[in-house]
Amino acid sequence: MIIMSVESTCDETAVALVRDGREVLTDQIFSQADLHAIYGGVVPEIASRGHVEVIYQLADRAIAAAGIEKKDIDAVAVSFAPGLIGAVLVGVNFAKSVASALGVPLIPVHHVRAHMAANYLAYPQLEPPFVCLAISGGNTIIVDVRSYTDMRIVGATRDDAAGECFDKTARVLGLGYPGGKPVDDLSKGGDDRKYVLPISHIDGHPYDMSFSGLKTAVINLVHNAQQKGEELDKPSLCASFAKAVSDSLVPRTIAAAGELGYTKLVVAGGVAANSRIRADFEAAAKKAGLELFVPPLRLCGDNGAMVGAQAYYEYLSGNTADSDLNAYASMDLDSVR
Ligand code: KG4
């Protein structure tokens, strides 16, 4: 089964063709990051307009690159939630039009489920059940993945997402947007014990997290140093910050896997590209005797192939949409209809 899959929830437009949920025939991605960089973050209207401009071309290019014809497409899938509403609407409307024109099923895919499914592309042997930490610009959740489509959130951030926190830290340090990679790169030359930063705990909710205190601590540190005319050791601040984020995420996810009795641990989303978090997970999973799955860097950020991977399993479980499918700015991944 060949699925054309569409992604437009934030600042990447992507159209992929994926066979049977596991084989990527092509993944055409256009990143708008440069368009938003001068504003220090994603400007929603610019994002929506950017998707409108390129989405048809990406689909044509995908069909050409895969060497297939339109009649070979068996279904069309789209990330329909969560995301910037104007941006998601572009993808949803496009996918509906293509599905209608080709007379094939339309498959709605939750964006965070798609991030998790990126691992099915990288690891052909990976099957649920497992515990998954999904860490991106807008989401930070620990998920009990019982089957390809039956999932339950066991922990989540109470405020900022981990990626948002990386982006704010980069912004206050003047490292540009998106901020995760520059903070990661700079942290490699730093001392992670130089700055002591807070790690939040929420009483009675061992798997919930909070990053707003950490974000505020970094902002205050930078502003205080500026006011006093002191020079900050930026590499060490980035290293201390990455350690604090990792210390918030890794032990909780390992503990959740233990409590759920799983032997497999999956990490997904843009922040899964972080070198400190990857290294800490490797060490912790080994110590706990867990099998670790982390996507290669190219599958961590937003892409179309991950949507096609999850779409296959949504289709198999009977999850298709009608022409009245809408887009949603927010939606829990365990409340997908
Ligand atoms: O998954 P993603 O591409 O988009 C969303 O669905 O949100 O995640 C984007 C986030 C951004 O906050 C970006 O700064 C962060 O992932 N990111 C990283 C790294 N690469 C990207 N964060 C930490 N370290 C990285 N190497």
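Visitor: Which domains does the domain assignment give for the protein chain?
Guide: Keep in mind that this is a predicted model. The assignment splits domain 1 into two stretches of sequence, 2–115 and 301–335. The other part is domain 2, with residues 127–298.

Visitor: What distance separates the centres of domain 1 and domain 2?
Guide: The two domains touch, with 22 residues from domain 1 and 19 residues from domain 2 in the contact. Taken over C-alpha atoms, the separation of their centres is 26 Å.

Visitor: How much area do domain 1 and domain 2 bury between them?
Guide: Carbon and sulfur atoms carry 61% of the buried area. The total between domain 1 and domain 2 is about 1500 Å².

Visitor: How many residue pairs are in polar contact across the interface of domain 1 and domain 2?
Guide: Salt bridges don't feature here, as the rule finds zero of them across this interface. On the domain 1 side, helices H1 (33–37), H4 (111–122) and H10 (305–316) each supply at least two residues that touch domain 2. That side has eight nonpolar, eight polar and six charged residues. For residue pairs in polar contact across the interface, the number is five.

Visitor: Is Ser-136 buried or exposed?
Guide: Ser-136 sits in the loop between strand E6 (130–135) and strand E7 (140–145). Leaving out residues up to four places away in sequence, Ser-136 touches eight listed partners, including His-115, Glu-164 and Val-271. Its relative accessible area is 8%, and the cut-off for that class is under 20%, so Ser-136 is buried.

Visitor: Where are Arg-276 and Asp-192, the two ends of a salt bridge, in the chain?
Guide: Their side chains meet at 2.6 Å, N to O. The pair links distant parts of the chain, 84 residues apart. Arg-276 belongs to helix H9 (residues 275–288), while Asp-192 is in the loop between helix H6 (180–187) and helix H7 (212–228).

Visitor: What separates Asp-280 and Arg-276 along helix H9?
Guide: These two side chains also form a salt bridge, at 2.9 Å, N to O. Asp-280 and Arg-276 are four residues apart in helix H9, so the separation is about one helical turn.

Visitor: Which residues do salt bridges that share partners join into one network?
Guide: Arg-193 pairs with Asp-192 at 3.9 Å, N to O. Arg-193 is exposed at 68% relative accessible area, whereas Asp-192 is partly exposed at 21%. Arg-276 counts as partly exposed too, at 22%. The network joins Asp-192, Arg-193, Arg-276 and Asp-280.

Visitor: How many salt bridges does the structure hold?
Guide: Side chains of opposite charge can pair when their charged atoms come close. In this structure, the number of salt bridges is 15.

Visitor: What is omega for the cis peptide bond that joins Tyr-177 and Pro-178?
Guide: Most peptide bonds are trans. Another cis bond joins Ala-81 and Pro-82, with omega about -15°, and Pro-82 lies in the loop between strand E4 (75–81) and helix H3 (85–102). Pro-178 is in the loop between helix H5 (162–172) and H6. For Tyr-177 and Pro-178, omega is about -10°.

Visitor: What is phi of Asp-20?
Guide: Most residues other than glycine have a negative phi. Asp-20, in the loop between strand E2 (12–19) and strand E3 (23–31), is partly exposed at 32% relative accessible area. Asp-20 has a positive phi, near 50°.

How values were computed:
Residues are numbered from 1 along each chain as its sequence is written. This is a predicted model: local features need pLDDT of at least 70, side-chain atom pairs count only at pLDDT 80 or more; totals for chains, interfaces and linings use all residues. Side-chain values use heavy atoms; hydrogens and water are left out. Domain bounds come from an automatic or database domain assignment. Contact means heavy atoms within 4.5 Å. Buried area is the accessible area (1.4 Å probe) that two parts lose on being put together, summed over both. A salt bridge is a side-chain nitrogen of Lys or Arg within 4 Å of a carboxyl oxygen of Asp or Glu. A polar contact is a pair of N or O atoms within 3.5 Å; within protein, one must be able to donate a hydrogen and the other to accept it, and residues adjacent in sequence count only if both atoms are side-chain atoms. Ala, Val, Leu, Ile, Met, Phe, Trp, Tyr, Cys and Pro count as nonpolar, Asp, Glu, Lys and Arg as charged, and the others, Gly among them, as polar. Buried means under 20% relative accessible area, exposed over 50%, partly exposed in between (1.4 Å probe, protein chains only).
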